[in-house]
Amino acid sequence: MELHTVEWKNDSVVMIDQTKLPNELVYVKYTDYNDVAEAIRTLVVRGAPAIGVTGAFGMALAALQSSSETIEDLLSDLENAKKTLFDTRPTAINLSWALEKIMEIAKQGKTVSETKETIITTAKKMADEDVNTNKKMGKIGAELFRDNDTIMTHCNAGALATVAYGTALGVIRATKESGKNIKVIATETRPVQQGSRLTSFELKHDGIDVCLIPDTAVGYTMANDLVNGVIVGADRVLQTGHVFNKIGTYQVATMAKQHNIPFYVAAPLSTFDLESKPEEIIIEQRKPSEVTRIGDKKTAPDGIDVINPAFDMTPPELISGIITENGVAKPPYKESIKKLFEDKK
Ligand code: MRU
């Protein structure tokens, strides 16, 4: 059975509770957008494209929850919901991209009921488009890998980080579907363990050969010729080719450069931010207990200072190519990324 991370079902949002994986595959259902915001904040759902679509579904719930009788009141309720949803996680641009899209659609509405209907239809369309985009990206990215390659990935940029199929893991799926034999090395991705809890679970679930390593073994595996290429997802890609992704991505990319291993990023065009500069991006800082405990066990002394950023920035000079649904951008990125968007028009 294909993993479906988030969907709209009978006027509610249904999603896999990722905090329970890999031990239990359970689904949770929400009818209140405030609960959806809390689910994003607490990582019940995570991954840039998945939180984008979830945000859009949250707006659809807010529309249904609104008892307003005028368009103006409905728009004001939606603005409040947008703020609550937006404030959950700052780094992935897909969330604000999806919320803005829904607001744009809402502002064109003529009647309250028609506007509510259009918001739901638009959010559902975003979910369908996410899967189609990932499949397109997968086919394009599959060309970059060879038969018998071992590909390293960091964090989870798979079906569980999108609606289904995945971005980086979508490329891995498509490479396998194209008939090539491939193996995956997944980093465990401390401190929240998206690699060991989610990537390993998802790839095993789909019968893809996966081997788990501690984050500290990236250098060892590369130095011992166990890795032919790296592919990761992204939370935000800038016009300059700077990539914001899960903490540790920068270390993996640096190590890949040291060993002459190609390092690819897979990201849909909805993950690109063509306006901001690197220093303007807010890196989410998460609570110290993610670092001072492993599960229920305390692994650091009380009162210890902790730095726990959820994301880091990989500079363009470490990236061999950025795979999108419109093709692969190669250095120099300023020109190649601009071209991707021109081709989209
Ligand atoms: O904190 P998370 O689990 O939301 O972080 C997820 C990542 O960093 C992913 O690599 C990124 O969102 C891309 S997902 C297709």
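These are my notebook entries on the protein chain and its ligand, looked up in a predicted model.

**Entry 1, the chain.** I began with the secondary structure, and for the protein chain I counted 11 helices and 16 strands. I then turned to the radius of gyration, which is 20 Å and thus close to the 20 Å that the globule rule gives for 345 residues, so I noted the chain as being as compact as a globular protein of that length. Taken along the principal axes, the C-alpha atoms fill a box of roughly 65 × 55 × 40 Å.

**Entry 2, the shell around the ligand.** Next I asked myself which residues surround the ligand, and I found 16 of them, the closest being R46, A48, R89, N245 and K246. Sorting this shell by class, I recorded 7 nonpolar, 5 polar and 4 charged residues.

**Entry 3, polar contacts.** I looked up the distances from oxygen atoms of the ligand, and one such atom lies 2.8 Å from a polar backbone atom of A48. On the side-chain part, a ligand oxygen is 2.9 Å from an N or O atom of Q194, and for K246 I noted a distance of 2.8 Å between a ligand oxygen and an N or O atom in the side chain.

**Entry 4, burial and cavity.** How much of the ligand does the protein bury? Taken alone, the ligand exposes 420 Å², and the protein buries 99% of that. I also checked the space that the ligand takes, and this is the largest cavity. Lastly I looked up the elements that give two or more residues to the shell around the ligand, and these are α2 (48-65) and β9 (243-246).

Key: Residues numbered from 1 in each chain as written. Predicted model: local features only at pLDDT ≥ 70, side-chain atom pairs only at ≥ 80, totals over all residues. Heavy atoms only, no water. Near = heavy atom within 4 Å. Polar contact = N/O pair within 3.5 Å; in protein donor to acceptor, adjacent residues only side chain to side chain. Areas by Shrake-Rupley, 256 points an atom, 1.4 Å probe, with all protein chains shown as cover. 1 Å grid on protein atoms, 1.4 Å probe; cavity = no way out; pocket = protein on both sides within 12 Å on 5 of 7 lines; lining within 4 Å. Sits in = over half its atoms within 2 Å of the grid points. Helix = DSSP H or I, 4+ residues; strand = E, 2+ residues; numbered from the N terminus. Nonpolar A, V, L, I, M, F, W, Y, C, P; charged D, E, K, R; others polar. Rg over C-alpha atoms; globule rule 2.2 N^0.38 Å.
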